[in-house]
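Biologist: I'm new to this one. Can you walk me through it?
Modeller: Sure, let's bring it up and take it piece by piece.

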Amino acid sequence: MHLCLLSLLLLLMGGNGLCQQEEVCSKSVINTCNDCIRSGPYCVWCQQLNFTKAGEQEAARCDTRAQLIARGCKTKEIISPHNSQIINQDNPLSSSFKQQEAVQLRPQKISLKLRPGLSTKFNISFKRVQGYPVDLYYLMDLSYSMQDDLENVKGLGQRLFAALKNITAHAQIGFGAFVDKTVLPYTNTNEGKLRKPCDENYQQCQAAFGYRHVLSMTPREDDFRNEVNRQFISGNLDSPEGSLDAMIQAAVCGDKIGWRNSSTRLIVLTTDAGFHMAGDGKLAGILEPNDEKCHMDNNLYTKSSEMDYPSVGQLAMQLEKNNIQPIFAVTKNMETVYKQLSKMIPKSEVGVLSHDSNNVVQLIESAYNRLSSKVTVTHDNLPEKVKVVYTPICTNPGPARDSEGVCDNVHVGQEIAFEVTVTAHSCMENQSFTIRPLGIKETLTVSLSTNCECQCEDPSDSNHTHCNRKGGVSCGICSCHDGFVGQFCKCAIGDKDERTLQASCQRQNGTECEGRGDCVCGRCKCHTTESGKSYHGDFCECDDDHCEKFQNKLCGGNGECNCGKCDCNEGYEGSACQCKKSQRDCQTLNNTVCFGRGTCQCDHCQCKEGYQRPHCKLCLGCPDPCQTKQNCIECLGFDSGPFKKNCSLACSKTIFHMMVDQFTIATKQCQHKDSEGCWIKFKMDQLFGEEYSAEILKQRDCPEPPSVIAIIGGSIASVALIGIVLLMLIKMLIHMRDLKEFKKFEDEKKKSKWAKAENPLYQDATTTVANPTFTGE
């Protein structure tokens, strides 16, 4: 009974991680001490001479410390690089801020030399300094809906400064304003509306703008009050505003805003609307992405109408990079939106404004307390294959994570710590990364390199007796002179060079002897396996230990493993000899095996491609035999078609046909138009393998030949009819034209007016002649 309880207790202790993790060395291809060290964190190397036997692979020198000692390696002969750390700078933490550079994080610089895969731990300490400076930048939405809020902010200075004085004696305040991009569809681009975007009844209205920096950081309350009093409301068209544009400019334009190097930096964003983000600029034809750079001229954001809004990721990165902590003071209807935004921006808070922003001071004060009491430690520029885990050591710790460590409810002057676990999973040189608390300027620089080389104490004799005086010793292995090779440099290579000999031991330019033997004078001398057997083959490529298993037995216990494949005993088959030979379940009703369209393996049909199990009878993906066999059917049944000349050779061996008057096969009917234009009807049934039985109707459906007389007569009648119709059509067109001309003549005749006159061409038939000499007497 007591023994059972003790066993249960030990099991629970092991399950809770109280038992030490077993050290394992997973060896791969090991040729040198350096290969061993790089193969795993618990792999060590024995440099002891004569530790390996003749013909034994030098990889046997690589194992865990316990295994090597058990095999007779002396402790002093074991090579195992260790982790090391050096603290390069460790200034003590400051207790208060007294106009000098305060220290809130220690140490400041540390150097690590790590074994790949082996973790190391160190602690960092943090303490909030009493009276640490605060820089607060008040960033306000000046769209028309914030009219009442602006009036309250104009009287906010005294209360805001008083609240900051309770936190620190070194406080500064700045002010900025934003609306939105001054392009459609965000803002009315009518010239008058750009100058005065507010309602006509509202006289004090400033021109439309994107973001304007109003007041740089100042400790003077009067400056804040005077500059804010000069501000007036503006306006735009849509509900979302350009708040992200304003925030990223306030973050990256540090020299213009006036951020101090040693200060807690806060941006208080007050708004009653949502925000535009990256991609929204396409609505206005703005395609250039935000470049995260400062573009301020005369305190105005000059690229507002040329550059897209920043993404939330870009904003979060710049706020973190510049140690700025945002406080979103928003109305109740926007609380959910900005809480979702806050989840994506580290070290940010959301507070709900009253309808006229009267509670903004209390909101800022409570948000600051929440931000400053939560210490979050994380890292930047982490090299590849490096893992860092933070374990908080404080009163209210968060969970241990590999991305950040969190301590909550940290008071001013309270010292906390974090245990940092660093693991490098590959070899590297002169890498570094920084660890820092979010929102704090101070950082810890971690310089990192790895220990991937063996520092062996080799004898100075270059003609060592261990190597038959033909080479020196390097970490217990012979390094032979030119012209000699082998484990103990016994093989003289003669006329051939060493590369040629080594190439003869490589299969397809691969590893020498597959890493399972030694190349001795151009031939592979294979090592023994862990089970005591030998590798075999010209290149030691074969072993008899790694065949497929069945029921945890090699080759199912029904065969022998030979070069990775099972040779099954009589009566067994399968890749692991797991099946007794049988064809019972492969037999079909017509006494065939898998219908000749597959093989029977392990009493199951392995069908050819397309044929369906269990008996390979149907082929869902095969071509329709009505199409593939139609030419054979034509030549077999009616001695015509493309296969007419070699029908017996091409078709008679795969199709057994019968000419019938009626079908007896219960399959679908096929129909094919032959080379003579007749329709052939037939049915096919697939027999064994690729053979078919076919029934062909004797009677073909041939169309009657056309009547030549009818065709000729019809053609002549059609031509005559067409001619008559054309003549009638032409006559009708001429008649219609004559009618039109006559009607026109009649109309002109009615409009004419005739006058009486004598035709000048008319000559009277009577001629009167006067005698010139007649006097009348």
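**A loop with a histidine**

Modeller: Let's start at His-295, which lies in the loop between strand 11 (264–271) and strand 12 (296–297). Keep in mind that this is a predicted model.

Biologist: Is His-295 buried or exposed?

Modeller: His-295 is buried, because its relative accessible area is 17% and the cut-off for buried is under 20%.

Biologist: What does the side chain of His-295 make a polar contact with?

Modeller: The side chain of Asp-291, at 3.0 Å.

Biologist: Which other residue in that loop should I look at?

Modeller: Try Glu-292, also placed in the loop between strand 11 and strand 12. Its phi is positive, near 60°, and it is not a glycine. Most residues other than glycine have a negative phi. Glu-292 is buried too, with a relative accessible area of 18%.

Biologist: Where does Asn-381 sit?

Modeller: In the loop between strand 16 (375–380) and strand 17. Asn-381 has a positive phi near 55°. It counts as exposed, because its relative accessibility is 65% and the cut-off is over 50%.

Biologist: Switching to sheets. What is the strand order in the open sheet of four strands?

Modeller: The order is 5-7-19-17, with antiparallel pairing. Strand 5 (105–106) and strand 17 (386–393) are the edges, each pairing on one side only.

Biologist: How many bridges link strand 5 and strand 7?

Modeller: Two, and strand 7 covers residues 120–127. Arg-106 stands opposite Ser-125 in strand 7. Arg-106 also leads into a cis peptide bond to Pro-107, with omega near -5°. Pro-107 itself is in the loop between strand 5 and strand 6 (109–114).

Biologist: Where else is there a cis peptide bond?

Modeller: Between Leu-184 and Pro-185, with omega about 10°. Pro-185 lies in the loop between strand 9 (171–178) and helix 6 (191–195). Most peptide bonds are trans.

Biologist: And what order does the open sheet of three strands have?

Modeller: It runs 2-1-3, again with antiparallel pairing. Strand 2 (62–63) and strand 3 (78–79) are its edge strands. Strand 1 (residues 44–46) joins strand 2 through two bridges. There, Val-44 has Asp-63 as its bridge partner.

Biologist: Hairpins next. What do strand 22 and strand 23 form?

Modeller: A hairpin with two residues between the strands. Four bridges join strand 22 (residues 471–474) to strand 23 (residues 477–480). Val-473 is opposite Cys-478. In the turn, Cys-475 has a positive phi of about 55°.

Biologist: Which residue takes a positive phi in the hairpin of strand 30 and strand 31?

Modeller: Cys-563, near 55°, and that hairpin has two residues between the strands. Strand 30 (residues 559–562) and strand 31 (residues 565–568) run antiparallel, joined by four bridges. Glu-560 faces Asp-567 there.

Biologist: Pockets now. What volume does the second largest pocket have?

Modeller: About 630 Å³. It is lined by 25 residues, and Lys-617, Leu-618, Pro-625, Gln-686 and Tyr-692 are the closest to its centre. Helix 14 (625–628) and strand 38 (679–686) each supply at least two lining residues.

Biologist: How does that lining split by class?

Modeller: It has 14 nonpolar, four polar and seven charged residues.

Biologist: Last one. Where does UniProt put the transmembrane region?

Modeller: The unreviewed UniProt entry places it at residues 708–734. In the model, that span is 100% helix. Its end C-alpha atoms lie 39 Å apart.

Conventions. Residues are numbered from 1 along each chain as its sequence is written. This is a predicted model: local features need pLDDT of at least 70, side-chain atom pairs count only at pLDDT 80 or more; totals for chains, interfaces and linings use all residues. Side-chain values use heavy atoms; hydrogens and water are left out. Two strands pair if DSSP finds at least two bridges between them. On a 1 Å grid over the protein atoms alone, a cavity is a set of points where a 1.4 Å probe fits but cannot get out, and a pocket is an open set with protein on both sides within 12 Å along at least five of seven lines; lining residues have an atom within 4 Å of a point. Grid points are joined across faces, edges and corners, and a volume is the space filled by probe spheres set on the points. Ala, Val, Leu, Ile, Met, Phe, Trp, Tyr, Cys and Pro count as nonpolar, Asp, Glu, Lys and Arg as charged, and the others, Gly among them, as polar. UniProt positions are given in the numbering used here, feature names are shortened, and annotations may be inferred rather than shown by experiment. Buried means under 20% relative accessible area, exposed over 50%, partly exposed in between (1.4 Å probe, protein chains only). A polar contact is a pair of N or O atoms within 3.5 Å; within protein, one must be able to donate a hydrogen and the other to accept it, and residues adjacent in sequence count only if both atoms are side-chain atoms.
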